[in-house]
Amino acid sequence: MAASRVTSTIVMKLQHRLSFWWFSLLFTAAIATETPKVSPITRIAFGSCANQSAPQPIWDAINKFDPQLFIWLGDNIYGDIRKPNRVFGKERTIGPWRNSPRFVPSSEEEMKLRYARAKANPGYSRLQRKARIVGTWDDHDYGLNDAGKEFDRKVINQKLMLDFLDEPLDSPRRKQAGVYASYMFGPPNRRVKVIVLDTRYHRDPIRSDGSILGDAQWRWLEEELRGPRSEITIVGSSVQVISNLSATTGPLFYMESWGRFPKERKRFFQLIEDTKRNGVVFISGDVHFGEITRYDCAVGYPLYDVTSSGLVQSVEKVFPRPLRFIVRLLFWYTPSTMRVINENCKYRSCTYGQQNFGAISIDWNANPATIRLEVRDVNGLTALSTNVSLSELQPRGSKPLTDSTRKGKSQPYCTLEVELPGTTRYRLAVLIYFTIAVLAMALVGLIIGAVLTITACVYKCKLD
Ligand SMILES: *[C@@H]1O[C@H](CO)[C@@H](O)[C@H](O)[C@H]1NC(C)=O
Ligand SMILES: *[C@@H]1O[C@H](CO)[C@@H](O)[C@H](O)[C@H]1NC(C)=O
Ligand SMILES: *[C@@H]1O[C@H](CO)[C@@H](O)[C@H](O)[C@H]1NC(C)=O
């Protein structure tokens, strides 16, 4: 505003002195500087699960990728306090006899300290100077592991989270219940819309099959999807939208995901279909490994979900180095119907269990424009990737669903995990239980052997 006023004053002063063509030349130049051309966005990075107390070398790789936009997908800090596993003692945290919670929320002061520490990380500071940063939260920065709408510190923690993201003080986002938001980037015909969802503030209990978003956020989301057109619409969700790993890791363990809320997930896909929104791509975090999945039978075009987790916390880090191959083996062994398996994966499993970030590169000049979805490692190298042409992400015309498009069970990326035959679906559980049984039997055998040897010895020793 100020700049344009100055320019026009100068223009007026010069008007009298210069010949007309000189003036018009200046005027054109002034217009050009007053309305800078919005350049299209071509590089977007995202990530989740950043432990503020640990080293964060991943920022170097992200800075090298040089994104124009970075999207936080939650667990941006670990705000809650995790107590050690205790089977015995006064504060027992695991087993059916546990008497105290494993996770407890931190005080407001402690949350502030943790955010301050995250924000001051030198690598992240460099990114803050160069890129636009937006995002949402997940459970640990919301304030408590696996928490939902019942969590009583959500109002104050929303303020702290928005402070961390430098949300302007007069932003409507500070007045609403939840941190969901949307952004539009780029010039006409090369527009990227970014929607970040809040999957915590209004979420019903995990086994309820209730709501994730809550009524107000659903109404908002519908308006966003019906709103002005964009070539690409990136929807950020803290938890995975497409993969339903719980279906193949249960009853051993379960994770949070949209899959655990089947009715809500169906509603989401139905909304995308009804609004005929094109170019929707999901990004997600939470699970401590990277994965690219796609679901071809939800709406009229493939829905991709690029999961990057974590920037710091990763499944393989939990295991000593020589045992890490077991994690990869188990990933490879666990069936998955939606995972994109191609030759661009660093490991056979096409999952990536070390520190990583998500990278989206858009080639607007290709015809048709293409979008490259990647999970990159701590050195910035590709760990998983797939190229998608924007022309593939177009809703089918107004023609109704035919049986062949709706059914499509023989089509890859169409079968739900829960539809797998039991022998396939539960093969991880079978393997683990079988291994435990064999080990237990071996232990019993060993004990019997030892007892027999000792009794034999005692008898023999007595004789001697
Ligand atoms: C974060 O990192 C610190 C330092 O390495 C570690 O002590 C802590 O347990 C980590 N937090 C989580 C939630 O893993
Ligand atoms: C995901 O898996 C869980 C656990 O098996 C199951 O209850 C749920 O219905 C599945 N969701 C979908 C969408 O298949
Ligand atoms: C994907 O696109 C990138 C450029 O954006 C290209 O370098 C790469 O070879 C492509 N990969 C495949 C498998 O097509």
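Here are three short exercises, with worked solutions, on this predicted model.

**Exercise 1.** Work out which strands stand at the edges of the seven-stranded open sheet.

*Solution.* Start by writing down the strand order, which runs S6-S7-S8-S9-S11-S10-S12 with mixed pairing. Now look at strand S6 (181–185) and strand S12 (351–352): each has a single partner strand, so one side of each is left without a neighbour in the sheet. Those two are your edges. Next, check how S12 is held: strand S10 (residues 290–295) pairs with S12 in the antiparallel sense, over two bridges. To find the spot on screen, go to Gly290, which sits opposite Tyr352 in S12.

**Exercise 2.** Describe the shell of residues around ligand 2 and say which helices contribute to it.

*Solution.* List the residues first: Asn244, Ser246, Ala247, Gly250, Gly259, Arg260, Pro262, Arg265, Leu416 and Val418. Then sort them by character, and you get four nonpolar, four polar and two charged. Last, map them onto the helices: helix H9 (246–249) and helix H10 (262–275) supply at least two residues of this shell each.

**Exercise 3.** Find the residues that touch the most other members of the largest nonpolar core, then follow up Ile58.

*Solution.* The core has 85 residues, and the best-connected ones are Phe46, Ile58, Ile71, Phe282, Ile283, Leu303 and Phe357. Ask where the core draws its largest share, and the answer is strand S2 (residues 69–73), with five residues. Now pick out Ile58: leaving aside residues up to four places away in sequence, Ile58 touches Leu311, Val312, Gln355, Phe357 and Val378.

Key:
Residues are numbered from 1 along each chain as its sequence is written. Chains are lettered from A and ligands numbered from 1 in the order in which they are written. This is a predicted model: local features need pLDDT of at least 70, side-chain atom pairs count only at pLDDT 80 or more; totals for chains, interfaces and linings use all residues. Two strands pair if DSSP finds at least two bridges between them. Helices (H or I, at least four residues) and strands (E, at least two) are DSSP runs, numbered from the N terminus. A residue is near a molecule or strand if its C-beta atom, placed from the backbone, lies within 6 Å of it. Ala, Val, Leu, Ile, Met, Phe, Trp, Tyr, Cys and Pro count as nonpolar, Asp, Glu, Lys and Arg as charged, and the others, Gly among them, as polar. A nonpolar core is a set of buried Ala, Val, Leu, Ile, Met, Phe, Trp, Tyr and Cys residues joined through C-beta atoms within 7 Å. A residue is buried if 20 or more other C-beta atoms lie within 10 Å of its own, exposed if 12 or fewer, and partly exposed in between; C-beta atoms are placed from the backbone. Two residues are in contact if their C-beta atoms, placed from the backbone, lie within 7 Å.
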